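Please open the structure in your viewer and keep the sequence panel visible beside it. The tour below goes from one selection to the next and says what to look for at each stop.

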Amino acid sequence: MKVKSLLVKFFFSFPIQLFLLHFRKYQVLLIFWAILFSTINGEFAKVFGGDALFLAPEYLGKVNFYSTTILGLATGLFVMSWNITTFILHTGRFKFLATTTQPFFKYCLNNSLFPLAFMLNLLFRGWEYQRYQQLSSVPEILLLTEGFICGYLFIVFFSFFYFFNADRNIGRRLEKKFGNPRNFLRMVLKPTQERDENALRVHNYFNSPWKIRRARNVDHYNKHYLDSILKQHHFAAMITVGLALVFLVMLAYLMEYTVFRIPAGASVMIFFAFLIGVAGAYAYLLQSWAIPVALVLLFMLNWMVEHNLVDNRNKAYGLNYRQRASRPEYSVTALQEFFTTGRAEKDKEETKKILENWKARNSTGQKPKLIVINFSGGGLRAATWSMNVLQRLDTLMKGKLMDHTFLMTGASGGMMGASYFRALYMEKKNGLPVNLQDSSYTERISRDLLNSVFTSMAANDFITPFRSFQIGQNRYAIDRGYVFEMQLNNNTDNVLATTINTYREPEQQARIPMLIWNATINADGRRLIISPQPVSYLCAPEYDTTIRKVRDVDGVDFTQYFAGQDALNLRVTSAIRMCATFPYVLPNVFLPSHPIVDVMDAGIRDNFGQEVSARFLFAFRHWINENTSGVIYLQIRDTRKNDIKSIKQTMKLNDMMFDPLFTMQQHWSAMQDFVQDNQLNFLEGYFPGKFHRIIFQYVPQKEDKAAALSWHLTSREKIDIAGALDNPANQAAFDSVMHLIR
């Protein structure tokens with residue numbers, strides 16, 4: 001009987017009843033906890049490096065005491081918002097709280113199962129992450145932990161101090177209302193006829209962290225009096241939700257100043273705190289009308305978006321979107337009429353002039369080798385790997401890599417590294433003191449971009465989507481795309497803060513290699529080809545015009561088709577972003593065509609950049625055979641070629657349900673590899689004995705410890721990427737290049 005009594009007391013204790021109530025009522029609020037638990041344990045958003053946002057929060061480019069303190073402050077705000085919201089929603093079921101001192105403190109103490117489990121999980125995972133991913137020492141980890149705990153406790157103590165004052169204010173208001181103790185007791189003890197159907201049975205509760213007290217029977221209290229006390233606490237609680245909104249708005253407006261770019265994990269926490277508060281207030285005020293009103297609001301928002309009353313679509317910075325009447329038509333017929341054979345031939349002649357200039361610059365008495373470099377996509381992993389390979393090659397070739405290179409193209413993160421390396425090379429050619437082999441440049445390109453993107457997503461995209469900025473007479477939305485470009489310029493010391501027109505003349509003179517960015521047009525899968533040079537010969541296969549009159553246009557030469565929209569004024573960072581628009585992480589870019597079309601990551605169609613370079617080589621096969629001693633075709637990729645993922649030996653139910661849906665996505669790169677290998681096999685026939693394909697591939701030192709496909713890299717991942725240069729296969733590739741270039 002004693003054991004049964006203990007079990008009954010345990011089951012009807014306030015913490016357990018609250019825990020069960022969260023699963024019975026307003027389950028939507030548990031989604032936030034599920035996302036956070038899943039993220040820090042490397043399940044949700046792992047491909048984006050989501051766990052790093054919380055386990056290695058960066059502030060001003062560093063993970064230190066201040067960054068974890070900010071994360072602790074934000075976590076405390078989220079936990080208090082959770083407590084406040086559920087306090088508003090659930091305290092009507094626990095009227096005994098109204099008879100206690102500091103009812104909100106008592107509620108938080110008994111509602112701490114979720115926050116306590118999350119804190120312990122976060123600290124444990126943070127210790128592991130810092131120790132084995134960031135390679136931090138034990139004293140450094142303890143300092144980071146101290147910062148987090150200090151930030152968290154500051155918010156908790158401040159909140160309780162605020163509610164203790166609220167208790168005193170409520171007491172004063174009651175004294176004024178009732179005048180004297182006799183009237184007060186008459187009101188309090190006046191019996192209530194109706195029965196409270198929502199009340200839940202509670203035997204005991206934590207009165208302090210070390211003391212358990214029996215819950216008082218409140219049947220003899222006036223129900224309306226108890227409700228009035230709790231409602232006044234509710235009013236005090238909702239003020240904190242408003243503070244979270246004010247902070248997010250301030251953060252959005254001050255984000256251009258680096259000191260206000262708080263860690264992304266902190267921004268997500270504050271955003272979740274705001275959402276929980278809004279969801280709680282919404283459910284509390286509307287009660288049974290919550291779902292119908294939500295459907296009406298969604299319908300109204302959809303109508304506003306459909307009729308362009310709400311339009312924060314991302315645009316390519318530098319393009320003119322104002323003159324709608326002059327926008328080029330985007331249709332099959334219009335593309336075929338514009339990208340004619342005559343235009344392609346004219347553009348080929350312009351490129352042949354560049355080839356002649358390149359030949360003159362590489363004239364040493366014998367025919368030079370022509371180098372074409374392809375870069376794969378893969379976020380910062382690909383960008384960092386590309387910089388490592390380019391620097392090693394340039395070192396081995398005594399600074400002559402870019403002189404021998406004619407074309408650079410590819411996708412996503414790899415093109416970020418390629419663009420940065422070429423920009424540094426041009427600065428060196430212009431007389432600036434640039435050492436291309438300096439490791440600081442690799443460190444710069446590997447700096448975090450994820451924090452700024454997620455911070456902007458929380459503060460700009462959701463809270464202040466109406467904000468914009470101006471370039472000349474053109475206005476563009478301030479969103480995570482804008483912040484991505486701003487952060488990229490900060491990371492690279494503004495080397496890329498220019499337009500593509502800056503490279504037009506140096507490319508024509510062959511002072512720098514041609515570089516082509518690619519993107520994928522969502523409407524039909526055509527490739528958007530971005531180059532300051534006219535390259536319409538890359539927009540369709542080469543046919544015998546006597547047999548086939550109509551060109552199957554599968555690409556769009558950006559600068560020619562959008563010449564009327566000032567295409568050459570496109571920002572270089574926008575070209576990089578259009579090439580690297582991973583779904584959801586960055587916004588799709590809309591183009592000023594009629595009808596409008598949007599573009600995203602080049603990797604959807606070609607993650608290795610080989611299709612463009614293969615078509616280029618085919619177009620100039622005769623000139624190359626006559627004027628060079630061969631082609632060195634380099635592929636710099638952040639994944640292993642011909643890699644087979646381990647096959648699951650056992651199947652779970654969710655595997656059976658979802659694997660058929662994602663099979664194509666999982667093997668996308670491998671399928672592209674097979675198709676492109678077949679194309680290159682035909683291409684080799686046009687350069688008999690003179691076509692040399694060499695692959696540099698990032699191979700992690702441990703199979704299960706590969707760098708994440710993300711805009712954030714840990715210290716261990718950066719070391720692992722650099723270490724892949726010494727992989728035997730890559731060493732053989734370096735030797736092959738040096739043997740061919742002699």
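## A guided tour

Begin by selecting the hairpin of S6 and S7, which has two residues between its strands, and look there for Gly472, whose phi is positive, near 65 degrees. Next, colour residues 468-471 as strand S6 and residues 474-477 as strand S7, and you will see two strands that run antiparallel and are joined by four bridges. If you pick Gln470, the residue standing opposite in S7 is Arg475.

Now step back to the whole chain, bearing in mind that this is a predicted model. Its secondary structure comes to 29 helices and 14 strands, and of its 742 residues 53% count as buried. Among the contacts with a separation of 6 or more, 79% are between residues 24 or more positions apart.

Colouring by pLDDT is a sensible next move: the mean for the chain is 81, and 81% of the residues reach 70 or more. Where in the chain is confidence lowest, and where is it highest? The lowest mean, 45, belongs to helix H9 (residues 181-188), whereas helix H21 (residues 504-508) has the highest, at 96. Select residues 180-189, over which pLDDT stays under 50, and for which the model has 11 contacts beyond four places in sequence. Residues 191-195 also stay under 50, with five contacts beyond four places in sequence. Where pLDDT is low, the predicted coordinates should not be read in detail.

For the last stop, select helix H5 (residues 65-90) together with helix H6 (residues 103-110), which pack at an angle of about 110 degrees with their axes 10 Å apart. The two helices, H5 and H6, are therefore roughly perpendicular to each other. To see the contact itself, show the side chains of Met80, Asn83, Ile84, Thr86, Phe87 and His90 in H5, which meet Pro103, Phe104, Tyr107 and Cys108 in H6. Sorted by class, this contact of H5 with H6 has seven nonpolar residues, three polar ones and no charged residues.

Stay with H6 a little longer and ask how many of its eight residues are buried. Seven of the eight are, so H6 is largely enclosed by the rest of the structure. The buried residues to select in H6 are Pro103, Phe104, Lys106, Tyr107, Cys108, Leu109 and Asn110.

Note on methods
Residues are numbered from 1 along each chain as its sequence is written. This is a predicted model: local features need pLDDT of at least 70, side-chain atom pairs count only at pLDDT 80 or more; totals for chains, interfaces and linings use all residues. Side-chain values use heavy atoms; hydrogens and water are left out. pLDDT is the predictor's confidence in each residue, from 0 to 100. Contact means heavy atoms within 4.5 Å. Axes are lines fitted to C-alpha atoms, for helices over the stretch in contact, and angles run from 0 to 180 degrees between N-to-C directions. Angles under 35 degrees count as roughly parallel, over 145 as roughly antiparallel, 65 to 115 as roughly perpendicular and the rest as oblique. Ala, Val, Leu, Ile, Met, Phe, Trp, Tyr, Cys and Pro count as nonpolar, Asp, Glu, Lys and Arg as charged, and the others, Gly among them, as polar. Two strands pair if DSSP finds at least two bridges between them. Buried means under 20% relative accessible area, exposed over 50%, partly exposed in between (1.4 Å probe, protein chains only).
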